[in-house]
Amino acid sequence: MPEFDLLVVGGGPGGYVAAIRAAQRGLSVGLVEKERPGGVCLNWGCIPTKAMLRSAEVFQTVSAAADFGVHADNVRFDFAAVRQRKDGIVKELTDGVVGLLKANGVTVIEGHARFTGPTTVEVCEVGPSPIGPDGPRYAAAPTAAIRQVSARDVIIATGSVPARLPTPGAELPGVITSDGAFGLTEVPKRIVVIGGSAVGAEWASLFATFGSEVTVVEMQERLVPLEDKDIGVALGRSFTKRGITVLTGSTVTAIAEGGPLRVTVDGPKPREIDADVVLVGVGRRPNTADLGLDAAGIGTDTRGFIPVDDRLRTGVEHVYAIGDVTGRALLAHVASHQGLTAADVIAGHRAHIDYTVIPAATFTHPEIASVGLTEEQARAAGHEVITAKFPFAALGRAKTFGDTEGFVKIVAGHKHQEVLGVHIIGPSASDLITEGALAISLEATLDELADTIHAHPTLGEIGMETALAGLGLPVHIAPRKR
């Protein structure tokens with residue numbers, strides 16, 4: 001008889017959520033994880049970077065305290081204390097996940113899982129791993145014990161790892177990935193960030209605030225190229241104003257050692273840049289190494305991701321996959337939703353996942369958040385669109401915050417005025433985007449957003465103000481010339 005009804009391989013935001021939901025549905029559940037539950041998000045991604053970014057925000061605010069009538073002398077930051085605070089937050093949250101798994105009756109098995117069949121695995125004990133240039137990497141302990149585990153159904157939730165570039169010199173000391181950045185014990189004087197998407201942009205923003213001389217090299221013509229064009233252009237201007245060198249339409253062709261690292265950049269203005277650290281933030285690849293997928297008969301696509309249907313089923317009966325390893329949308333909240341869906345399907349409930357409305361946030365300064373179609377995507381899909389913007393500078397609450405940079409942009413259908421996309425750059429963008437996601441989910445129109453009474457003075461009323469602008473009835477900005 002199988003040892004468990006369900007075995008979850010990987011304890012990240014997809015895996016632990018799936019395990020808890022399955023246990024709540026009455027299944028016996030085992031979860032295999034080689035480090036603290038929480039996965040990349042809690043240990044090496046979402047939470048630790050946001051903890052450090054919050055320290056950067058506080059430092060920036062206190063440094064400008066005189067603008068608010070508050071005088072603070074000798075303002076400085078302590079990077080060791082920043083890291084210590086980050087570690088404390090991570091431990092508190094991962095401890096909380098451990099407690100939740102225990103409270104729901106999930107059996108946690110420590111170690112690395114390797115398939116021996118579709119629903120059978122061997123779990124090998126692993127030893128501790130120091131943080132290297134690619135983050136922590138775990139290896140079998142010298143006298144590793146191996147446990148055989150079987151289940152009726154299995155969910156693969158092993159996530160992803162930072163991608164490396166084939167660039168000459170990419171393996172040199174001082175060249176790190178986003179995970180490896182947590183091993184830095186001091187702020188680099190000069191840093192080159194390869195990649196201007198969410199990961200690279202966040203680290204660039206963080207180190208710039210802490211005083212590093214930052215250069216961002218992005219292959220596309222603008223930063224955060226998956227965002228609406230206006231957002232990417234605005235972030236580039238903001239970064240440049242803050243003293244960050246932004247090189248778009250450019251690539252790093254070589255990295256050489258010799259004192260500082262020498263980074264060769266090819267683009268509209270080829271150049272060589274000296275750096276103490278080079279951070280590679282060009283994306284992530286599926287974490288399927290040494291999983292024994294062949295033994296389970298589980299196939300992958302050309303990029304190494306595991307294909308699944310809308311019920312998270314792989315091509316092998318009783319085997320499911322969720323999270324980054326599926327390649328659908330590499331976001332923690334998507335992984336969690338996939339986990340809930342897969343657990344419900346396995347428990348016999350009618351469930352499927354819909355990827356139509358997926359909000360995303362990038363925690364730069366200014367923050368970025370978006371949901372739905374960009375203007376370019378909407379037009380390419382055949383929509384005749386209305387676009388409207390409203391600046392934070394025209395919002396009373398933003399002025400009282402002292403943070404007026406950025407805007408909200410709504411993309412709507414011309415005929416029915418249905419909301420197709422919402423794009424934000426500015427204060428609290430990650431919190432404000434929820435209204436946009438709900439609007440698209442409920443097929444709301446511009447007049448419905450405009451007619452909804454929003455509290456004043458708040459940042460949230462910017463959604464109403466943008467909708468009014470889209471209707472040609474703006475109150476707090478001048479009407480657009482027609």
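In what order do the 5 strands of the open sheet stand? The model under view is predicted, and this tour begins with that sheet.

**The sheet**

Select strands 20 to 24. They form an open sheet in the order 20-21-24-23-22, with antiparallel pairing. Strand 20 (360-362) and strand 22 (385-391) are at the edges; each has a single partner strand, so one side of each lacks a neighbour in the sheet. From one strand to the next, the twist averages 10°.

Next, select residues 407-413 and 419-425, which are strand 23 and strand 24. These two strands run antiparallel and are joined by 6 bridges. To look at one residue pair, display Ala412, whose bridge partner in strand 24 is Val419.

**Helices on the sheet**

Add helix 6 (229-241) to the selection. Helix 6 packs on the sheet and touches strand 21 (368-372), strand 22, strand 23 and strand 24. The direction of helix 6 makes about 5° with that of strand 24. Then add helix 13, residues 462-470, which also packs on the sheet, in contact with strand 22 and strand 23. Its direction makes about 135° with that of strand 22.

**The second largest pocket**

Turn now to the second largest pocket, with a volume of about 850 Å³. It is lined by 28 residues, and those closest to its centre are Glu57, Gln60, Thr61, His365 and Asp403. Which helix supplies the largest share of this lining? Select helix 3 (46-63): it contributes 6 residues, the largest share. Helix 6 and helix 11 (429-441) each supply at least two residues as well. Coloured by class, the lining shows 7 nonpolar, 10 polar and 11 charged residues.

**Two cis peptide bonds**

Stay with His365, one of the residues closest to the pocket centre. A cis peptide bond joins His365 to Pro366, with omega of about 5°. Pro366 lies in the loop between strand 20 and strand 21. Another cis peptide bond joins His456 and Pro457, where omega is about -5°. Pro457 is in the loop between helix 12 (446-451) and helix 13.

**Two residues with positive phi**

Finally, select Ser428, in the loop between strand 24 and helix 11. Ser428 is not a glycine, yet it has a positive phi of about 60°. Glu443, in the loop between helix 11 and helix 12, is likewise not a glycine and has a positive phi of about 55°. Are these residues buried or exposed? Ser428 is partly exposed, at 26% relative accessibility, whereas Glu443 is exposed, with a relative accessible area of 66%.

How values were computed. Residues are numbered from 1 along each chain as its sequence is written. This is a predicted model: local features need pLDDT of at least 70, side-chain atom pairs count only at pLDDT 80 or more; totals for chains, interfaces and linings use all residues. Side-chain values use heavy atoms; hydrogens and water are left out. On a 1 Å grid over the protein atoms alone, a cavity is a set of points where a 1.4 Å probe fits but cannot get out, and a pocket is an open set with protein on both sides within 12 Å along at least five of seven lines; lining residues have an atom within 4 Å of a point. Grid points are joined across faces, edges and corners, and a volume is the space filled by probe spheres set on the points. Helices (H or I, at least four residues) and strands (E, at least two) are DSSP runs, numbered from the N terminus. Ala, Val, Leu, Ile, Met, Phe, Trp, Tyr, Cys and Pro count as nonpolar, Asp, Glu, Lys and Arg as charged, and the others, Gly among them, as polar. Two strands pair if DSSP finds at least two bridges between them. Axes are lines fitted to C-alpha atoms, for helices over the stretch in contact, and angles run from 0 to 180 degrees between N-to-C directions. Contact means heavy atoms within 4.5 Å. Buried means under 20% relative accessible area, exposed over 50%, partly exposed in between (1.4 Å probe, protein chains only).
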